[in-house]
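Student: Take a close look at the aromatic rings in this one for me, then carry on to the strands. I'd like to know which parts of the chain they bring together.

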Amino acid sequence: MSVVEKEKIETFQNFVNGKWKRSRNGATFENENPAVRGSNIGLFQSSTPEDVREAIDVAHNTFRPWRRTPLAERQQYIAEFLRLLKESREELARVVTLENGKTIKESRAEVDSALVEGTYHLNQVSAFYGHIGPGSFRDISTWVQYEPVGVVGVISPWNFPMNVMSRKTLPALLTGNTVVFKPATFTPWSGVFMTQLFERAGLPAGVFNLVTGLGSSIGNVIVDDPRVRAITFTGSTEVGKKIQVRGSANLTRMQLELGGKNAIIVMDDADINDAVTATVTAGFSNGGQWCTSTSRVLLHRDIAKTFLEALVSRCEKMTVGDGISETVDMGPVAGPQQFEDISKAIRQAQADGAQMVAGAAPGDPKGYFIRPTVFTGVKTDMAVFRDEIFGPVLAVCEFGSLEEGIELANKSIYGLSSAMFTKSLSNAKKYIDGIEAGLAHVNIHTGYKEPSMPFGGVKQSGAGLPENARTGLEFFVDQKAVYIRS
Ligand code: NDP
C-alpha cells in the first residue's frame, strides 16, 4: 500500500463521556480486511489501563442520573437507536463484511437479527417491571423491585461484531445500567459504528462508553474494577473461565456465552435433503465461525452414504471469495490467526487418520480463504471430534441407534446447541430429554434462534443467566424484596 493511500486511512477514537478521545499514549492498531491480506481499513485506539479506568469512572458517575431516568425516556433513546440502525442497515453491513469477512448477505442478516432482538427487548421491558401482590397478612403489601446493578462491562467477540454487543447493551441500558464496552480487536469498526448510532440517538453523555484495545492488556481492568457490577461476555471458554475467576474476587455477576462443538443427529427416517441443507447452512455460514454452528455430523448408519454424497456435492459447488460480492457463498475466515488455527486443526485431523472428503489446501492466497471441509472416519478421541475449531470444518461419525447418537452428541465438554432430523415424534422427544445442550432443534439447523427464547449454553458453553428472553433483562437487575405495612 502506498504512503498516499495510507494517509487516507481513517483513525477511529474511543467514546467516553459523550466525547471522541484518543488513548493517552496515542498508540493505535490496524484493522485488516480478511479478504485482502496486508490491507488496512482503519486505525483504532490501543487504550491504556488509565483510559479504561476513566471510562469506568464516567459510567459510575453517570449511573445515578441514568437509573432515575424514567423508563419511557430510556425506551425513547433505544427506539431512536433502532430507527437509526435500520436506516444504516446497508452501510453497517458493509462495515461488518469489510472487517469480519462474512458475506454481505450474512452481514445484512446480522443487522436484521439485532433489529428483531432490540425491538423485542424494547417492548418486553415494560412488561418485565411491576410485580405487586398482597403479603401474608392483610396490612402488608409485597413486591419485588427491579433495580439496575450499576456499571456493566460488555466484552464481545469478532464473529457477530454488532449483533452480540447489541443483544447485551440494549437490555443493559433499558434496565437503567451504564455501560463500558470493549469490542474484539479484529472488529472494532462495527463497535465504533454502533457507538456513533448511540451518539446520534442523543443518549446522555457517559451512559455508554467505548474503549478499544487488546483484551489481554485492558480486559482485566474492566473485570477487576469493583465498580463494574456485572460482566456480560461472549467469547472463548478459555477466556471466559479466566474472567469468571478474576471477577469472583468482587462477586461480580457474570453472563458468559462461550464455545461449542454442536452436533446434528440425522436419523434413518430423516428428510435427507433438509438435513443436508441444515448442515450446510449451520456448518458454513459465517465461515463456520459462529458459536451455534454445526461442527459434528452424526449420521445413522443406514443413511450415512446417501447423506455424505449429497453433502460433498453441495460443498464442491460452494463459491468461496470476497464476501462483499453478492454471489459468493462463503467469505474468508476472520484473520491470520483464525486461518492458521483452522489450517492446523485440518492438518491434525489428517495426521490422526480422519479422511478429508471435501475441502482442499487453501486456494486464493489473496485472502484468508478456507473451503468447506468435511472429515469422515472420525473417532471420538480425535481432536477434530473434541475441540472447537471455529471454522468451516465438519467431523462426521456414524451410529446405529438413537441412544448411541445422543450419547455421541453428549460426548463433549460443551453443551451449546444441537439438532436432530427425524420424522418420529418419539425420537424427537427422547432427543429433547436426553441432549445436554442449551438449545435443542428438531428438523431445524443448530444456528436458529428467536429473541423470546433463552440463548445460552450448559456445561462449559456458558454460565449465568442466558441472553434474550426474560433472562436477558433479568441479568441486568438486582431484585429487592419490598414489604410495606400500611
Ligand atoms: P476470545 O475469548 O478470544 O475474545 C472474546 C473477547 O474477549 C474479545 O473482545 C477479546 O479481546 C476479549 N478478551 C481476550 N482476553 C481477555 C481477558 N483476559 N480479559 C477480558 N477480555 C478478554 O474469543 P473470540 O473473539 O476469538 O471469539 C470466538 C469465541 O467466542 C468462540 O469460542 C465462540 O464459540 C465464542 N462465541 C460464543 C457465543 C455464544 O453465545 N455462546 C457467540 C459467539 C462466539 P481481543 O479481541 O482484544 O483479544
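Tutor: Rings of Phe, Tyr and Trp (its six-membered ring) pair when their centres lie within 6.5 Å; planes under 30 degrees apart are stacked, over 60 edge-to-face, and the rest tilted. This is a predicted model, so local features need pLDDT of at least 70 and side-chain atom pairs pLDDT 80 or more, while totals for chains, interfaces and linings take in all residues. Residues are numbered from 1 along each chain as its sequence is written, and side-chain values use heavy atoms, with hydrogens and water left out.

Searching the whole structure turns up 16 aromatic pairs. Take Phe81 and Phe198: they're stacked, with 4.1 Å between centres and 10° between planes. Phe81 belongs to helix α3 (residues 71–87) and Phe198 to helix α7 (residues 188–200), so this pair ties together parts 117 residues apart in sequence. (Helices, H or I with at least four residues, and strands, E with at least two, are DSSP runs numbered from the N terminus.) Both rings are tucked away: Phe81 is buried with a relative accessible area of 0%, and Phe198 is buried with 2%. Buried here means under 20% relative accessible area, exposed over 50%, and partly exposed in between (1.4 Å probe, protein chains only).

Now turn to Phe160 and Trp290, a tilted pair with 6.2 Å from centre to centre and 55° between the planes. This one also links distant parts of the chain, 130 residues apart. Phe160 sits in the loop between β7 (151–155) and α6 (163–174), and Trp290 in the loop between α10 (272–284) and β13 (294–300). Phe160 is buried at a relative accessible area of 13%, and Trp290 is buried too, at 10%. Phe160 has a second partner: Lys102 lies over the face of its ring, 3.9 Å from the ring centre. (That takes NZ of Lys or CZ of Arg within 6 Å of the ring centre and within 35 degrees of the ring normal.) Arg296 does likewise with Phe385, at 4.8 Å from the ring centre. Elsewhere, ring pairs join Phe12, Phe29, Phe44 and Trp189 into a cluster.

On to the strands, starting with β12 (residues 262–266). Five of its five residues are buried, so β12 is largely enclosed by the rest of the structure. Asn262, Ile264 and Val266 point one way from β12, while Ala263 and Ile265 point the other way. β12 runs parallel to β13, joined by five bridges, and Val266 stands opposite Leu299 in β13. Between β12 and β13 the chain passes through α10, and this β-α-β crossover is right-handed. (With the strands pointing away from the viewer, the path from the first strand over the helix to the second runs clockwise.)

β12 also runs parallel to β18, with four bridges between them; strands pair if DSSP finds at least two. One match to look for is Ile264 with its bridge partner Ala419 in β18. In β18 (residues 418–421), Ser418 and Met420 point one way, Ala419 and Phe421 point the other, and all are buried. From there, two bridges join β18 to the parallel strand β19 (residues 441–442), where Met420 stands opposite Val442. β18, helix α15 (residues 425–434) and β19 make up another β-α-β unit, and this is right-handed as well.
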